[in-house]
Amino acid sequence: MSTGSASPETEPLLQLAPDAAVDDVVNLSRSASDAMSPLIPYVAEGILSHHLNPVFAGSSAIGGADADFIIADTLFELKTTKTLDASAVRDALLQLLGYSLLDYDDKFELRRIGVYFARYAWVMAWPLWKLTFPPDQVVRHSVSGTKPTDKEVEARLQRLRELMQRVVNGDAVNYEEFLS
């Protein structure tokens, strides 16, 4: 068992768990330290804001959904899945997109979403505009090497949050409304 520097108080607790489980938790802890180490000093010094288990204005309307954590303007989802593949990333992105659209009042000023797959020490983040703007606009910006203005991003996110609120309230929304 890799208990490292277990204290006399924690050693009996570690003996209750199978060696493989203890090793897995130790490895997950090391992964978090490695993957998030570039951000930790900035969070610790208060340079970057952070929120653990944020709850959004629309969370209660869908049963109390809370996310994992926010650092600065990026909402992160922590995954401990045993596989890292395209469908796992897609599912996490859709979950994060839903959470970000539940921030009806833009309290957290989210502009990016990111995933952290702990067993792989893999962290990736994307600007929300690339996932929320109509595809033709994303392609146009990508080809020209530009991005929408902050005002355009804020307006688009506000529009989608309003549509999300309508959907959550049971109102009918046409697909075309999401593209406009």
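**Core and strand pairing around Tyr99**

Biologist: Leaving aside its neighbours within four places in sequence, with which residues is Tyr99 in contact?

Modeller: In this predicted model, local features need pLDDT of at least 70 and side-chain atom pairs count only at pLDDT 80 or more, whereas totals for chains, interfaces and linings use all residues. Residues are numbered from 1 along each chain as its sequence is written, and side-chain values use heavy atoms, without hydrogens and water. Taking contact as heavy atoms within 4.5 Å, the partners of Tyr99 are Phe56, Ala65, Asp66, Ala67, Leu75 and Glu77.

Biologist: Which element gives the most residues to the largest nonpolar core?

Modeller: Such a core joins buried (under 20% relative accessible area, 1.4 Å probe, protein chains only) Ala, Val, Leu, Ile, Met, Phe, Trp, Tyr and Cys through side-chain atoms within 4.5 Å. Among its 29 residues, Phe56, Leu75, Tyr99 and Leu110 touch the most other members. Elements are DSSP runs numbered from the N terminus, with helices (H or I) of at least four residues and strands (E) of at least two. Those giving two or more residues are H4 (86–101), E4 (112–117), H5 (128–132) and H7 (150–168); the most, eight, come from H4.

Biologist: Why is strand E3 largely enclosed by the rest of the structure?

Modeller: E3 pairs (at least two DSSP bridges) with E2 (residues 69–71) in the antiparallel sense over three bridges. E3 and E4 run parallel, joined by six bridges. E3 spans residues 74–79 and is largely enclosed because, of its six residues, the number buried is five.

Biologist: In E4, which residue is the bridge partner of Thr74?

Modeller: Thr74 of E3 is the bridge partner of Ile71. In E4, the bridge partner of Thr74 is Arg112.

Conventions
Buried < 20%, exposed > 50% of the residue type's maximum accessible area, 1.4 Å probe, protein only.
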